[in-house]
Amino acid sequence: VNKTMAYSDQNHEIPKGIRARQNGHYEIPGEKTATKTGLDILYTSRIDRGIIEEDVERKITSLKQLLEKDLRAADLKWSLFVAASNTYRYDSCLKPFPPMYIKNECKDIEALRRVIESVPPLPVICKELGETDVYQNYGEIIELLYWVLLRLRDPYIKSIQKECYSSILRKVPLEVPVAAPNLIFQIANAKQSTSEEKWKSNAKGHSTFYAYHGSRLENFHSIVHYGLQQNMCKRSEFGKGIYFSSELGVSLPYSPVGYGWGGSLLGSEISCIALCELINHPDIKRGDSRDNSQNTLSDSVGGRIPDKYFVVTNSDLVRMRYLLVYTQDLHTTSSDSTGLLAWFKQHKLLTFNHTNQENIKSIKPSVVVVPSRGKRAVLGEISNRVNTLRGVEPIDRVSLLQRKKVPISKRQALKPNVNPPEKPNVNPSEKPNVNPSEKPNVNPSEKPPVQIVKPIVKTISSSNVNIACNVVNVPAALISQKREERNSFSTDLLKFEDIDEQDKNNPILVSLYTNDIHEYLRTLEIKFTIKKGYLAGQEVTPKMRCVLIDWLVEVHQQFRLMQETLYLTIAIIDRFLQLFRSIDRKKLQLVGVTAMFIASKYEEMYSPDISDFVYITDKAYSKIDILNMEMLIVKTLDYSLGRPLPLHFLRRYSKAGKALPIHHTMAKYFLEESLVYYEMCHYPPSLIAAAAIYLAFLIIGNDEEDEGKIIWSDTLAYYSTYSKDDVLPAVHDIAAIITNAENSKYQAVRKKYVHVKHMKISIRPELKSPIMLSIAGKSNKS
């Protein structure tokens with residue numbers, strides 16, 4: 001399997017301020033490195049090799065003046081830089097690359113991303129630049145912002161007044177109406193710009209015209225500084241070149257909404273269109289020309305260039321003049337801002353996520369944060385509310401009131417009242433005298449009473465209710481003799497807590513249907529089972545599968561996809577290989593990337609383009625190969641992709657067990673490690689999720705003081721439908737994998753969970769505790 005994506009082993013924290021430079025100097029490449037990196041570094045002026053006090057003051061003053069003069073333009077430039085930094089194609093998109101993050105001729109992209117994540121919103125930086133100790137607090141950030149916004153000053157981005165928008169858009173008359181951009185920025189050049197002088201000399205004796213060019217958001221950082229380059233254009237249906245259009249509506253689909261920077265004034269989701277000036281030269285092929293030499297390229301596979309299209313084969317004939325920006329959420333700054341907190345209240349789309357958002361209880365915060373329109377966890381509203389205290393009910397106003405938590409079996413909850421109301425005892429001999437001709441007096445103005453039917457739960461005597469613990473004890477007399485003789489596990493016998501009681505007034509959480517939804521998910525996992533040892537007799541071996549999944553975990557990280565996408569990818573792979581048994585080893589990686597391509601379209605709001613999957617395989621497969629494999633997979637699976645995922649059940653179990661964030665994250669680490677290993681794929685998603693949370697509860701916070709504490713409570717057993725004995729075999733297998741993870745060949749998941757945003761779970765000492773080793777030993781014996 002091709003491993004084209006490199007992963008950084010460095011997981012150190014961001015050094016703050018001057019302490020990052022112990023000797024008072026930058027660690028920057030020498031002249032030899034600068035020569036080798038070529039266009040990766042753009043030297044608009046020489047970079048200082050020492051930091052002196054006067055130089056720091058000059059940088060702070062210049063940066064503050066720039067932000068005060070045109071904050072919105074600086075914000076856009078920084079957003080383009082962040083988008084280029086966060087893409088997996090940073091090698092080609094992040095040009096120029098900050099030289100201070102090139103060490104030993106290698107780009108330290110992880111260190112750069114860590115600094116980017118720590119950058120507060122620019123209005124906050126602008127305010128803080130007036131403080132005396134700003135460099136101690138924001139030293140790394142100031143250096144990076146100064147390099148992006150001031151060192152790279154040719155060309156520079158300039159805001160345009162709104163009253164000038166119409167005159168700019170009239171430069172290309174539109175025949176088809178289209179949505180106008182929210183903002184327009186000018187791409188201006190310095191007075192002594194070599195590239196601008198070269199373009200003017202080429203334009204002598206020729207007229208010029210304007211046209212639109214669409215591209216992905218992450219590409220515009222390099223486009224702004226190096227212009228449109230022919231070798232960077234992938235689409236070549238009508239020949240190799242740079243494609244333009246005279247219709248804005250034609251270019252818009254080539255500029256999908258991209259993730260820029262969460263702290264941006266423009267919003268975190270934006271798209272850009274370049275309005276370029278072109279020299280009317282014979283090297284520009286036009287679709288509106290009747291001359292075959294002007295409307296067709298020699299290497300065209302699509303024939304004649306369509307109308308309203310232009311193909312430029314010489315990038316020196318093009319200059320980008322304006323950037324048209326479409327925003328999802330446009331924010332405005334307030335003049336009476338009082339600092340960081342006020343800005344947070346105003347700008348709601350931020351990248352400062354909590355360490356683990358899945359484990360935060362929905363308590364009204366002091367700062368209102370509205371979720372973006374971007375990624376959303378599947379079923380997150382139903383089972384994503386996790387208590388923050390293990391074994392303790394959170395204290396709030398609701399918990400101070402007396403609440404009824406009635407344990408009812410699932411069958412009882414679905415049945416209406418089987419005991420009709422008792423009829424009054426009437427003596428047959430005593431019949432009321434009713435005249436058939438008489439009718440009851442009914443006021444025509446009164447509306448008939450509306451009958452409200454509510455589900456009725458079987459009433460239990462109040463003497464059997466333990467109010468102190470809010471749990472109902474069902475007397476033995478009410479249990480049938482047949483049930484008493486039963487040896488198998490049944491949830492009907494358990495005392496449990498109604499974990500959805502607090503959510504019943506929130507229609508978004510649909511607490512009335514939550515149990516039914518999870519019951520349906522269990523029927524689906526039975527329908528789409530993975531058989532144990534399904535690869536027996538195939539050319540694809542378990543080891544090949546492990547290598548593929550380990551690589552896909554890295555690809556999933558580089559694409560920055562949702563968690564559900566990874567789980568669904570592996571589910572598609574296993575189900576397909578189980579049914580279609582003639583896949584050879586040469587096609588295995590194609591199955592993997594195609595499965596992720598399908599899962600992305602199923603789960604993501606903005607799935608990666610098919611060309612991204614071609615790129616990630618180092619062009620081992622073409623677009624046609626992926627599309628053909630996609631058709632084969634969906635037909636083999638009968639277009640049924642809804643197999644439930646372990647995450648769906650884990651969120652429910654974390655809520656039932658009142659898991660802490662550390663428990664939930666630890667369980668997710670166990671689940672992702674289990675994805676890699678072939679020996680675990682036959683476990684149902686609900687069972688392996690139960691085993692993961694059980695093991696997390698067992699090894700974290702289970703000290704000597706808690707010796708008698710019950711790990712698998714009745715509430716967990718009820719909502720999971722598994723007893724402790726059902727869960728233990730999977731627990732033993734997970735423990736064996738985790739204890740050997742450090743020495744395993746498959747390190748992608750372990751490296752992922754070393755990161756601070758995952759609480760450095762994979763290197764916690766509990767994973768090597770005696771209880772963990774003891775559990776793993778039981779797996780080896782079995």
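This chain has 29 helices and 13 strands; both are DSSP runs numbered from the N terminus, with at least four residues (H or I) for a helix and at least two (E) for a strand. The model is predicted, and residues are numbered from 1 along each chain as its sequence is written. Local features need pLDDT of at least 70, side-chain atom pairs count only at pLDDT 80 or more, totals for chains, interfaces and linings use all residues, and side-chain values use heavy atoms, leaving out hydrogens and water.

**The chain as a whole**

Of the 782 residues in the chain, 49% are buried. Here buried means under 20% relative accessible area, exposed means over 50%, and partly exposed lies in between, with a 1.4 Å probe and protein chains only. The accessible surface of the chain comes to about 40,500 Å², and carbon and sulfur atoms hold 52% of that surface. Accessible areas come from the Shrake-Rupley method with a 1.4 Å probe, and for residues only the protein chains shown count as cover. Among contacts with a separation of 6 or more, 80% join residues 24 or more positions apart; a contact means heavy atoms within 4.5 Å.

**A look at helix α22**

Let us stop at α22, which covers residues 623-636. Its 14 residues should span 20 Å at 1.5 Å a residue, and the end C-alpha atoms are indeed 20 Å apart. The expected span is 1.5 Å times one less than the number of residues. The buried residues of α22 are Ile626, Met629, Glu630, Ile633 and Val634. They lie on the same side of α22 because they cover an arc of only 130° around the axis, the arc being that of the directions from the helix axis to the C-beta atoms. Their cover includes α19 (563-579), α20 and α21. On the other side of α22, Ile624 and Lys635 are exposed. Just after α22 comes Asp638, with a positive phi of about 60°.

**A nonpolar patch**

In the loop between α20 (585-603) and α21 (610-616) you will find Tyr606. Tyr606 is partly exposed, at a relative accessible area of 33%. Together with Tyr259 and Met605, Tyr606 forms a nonpolar patch on the surface, and the three share about 280 Å² of accessible area. Patches are made of residues with over 30% relative accessible area and no salt bridge; like charges are joined within 9 Å, and nonpolar side chains (Val, Leu, Ile, Met, Phe, Trp, Tyr) within 5 Å.

**Salt bridges**

Side chains of opposite charge can pair when their charged atoms come close. A search of the whole structure finds 29 salt bridges, each a side-chain nitrogen of Lys or Arg within 4 Å of a carboxyl oxygen of Asp or Glu. Three of the pairs are listed here.

| Pair | N to O distance |
|---|---|
| Arg216 and Glu218 | 3.9 Å |
| Lys308 and Glu247 | 3.7 Å |
| Glu742 and Lys768 | 2.5 Å |

The pair of Lys308 and Glu247 links distant parts of the chain, 61 residues apart: Lys308 is in the loop between α12 (292-295) and β10 (309-312), and Glu247 in the loop between β6 (242-245) and α11 (248-251). Lys308 is partly exposed at 28% relative accessibility, whereas Glu247 is buried at 4%.

For the first row of the table, Arg216 is partly exposed at 23%, and Glu218 counts as buried at 13%. In the last row, Glu742 is partly exposed at 39% and Lys768 is exposed at 56%. Finally, Asp55, Arg58, Lys59 and Glu143 are linked in a network of salt bridges.
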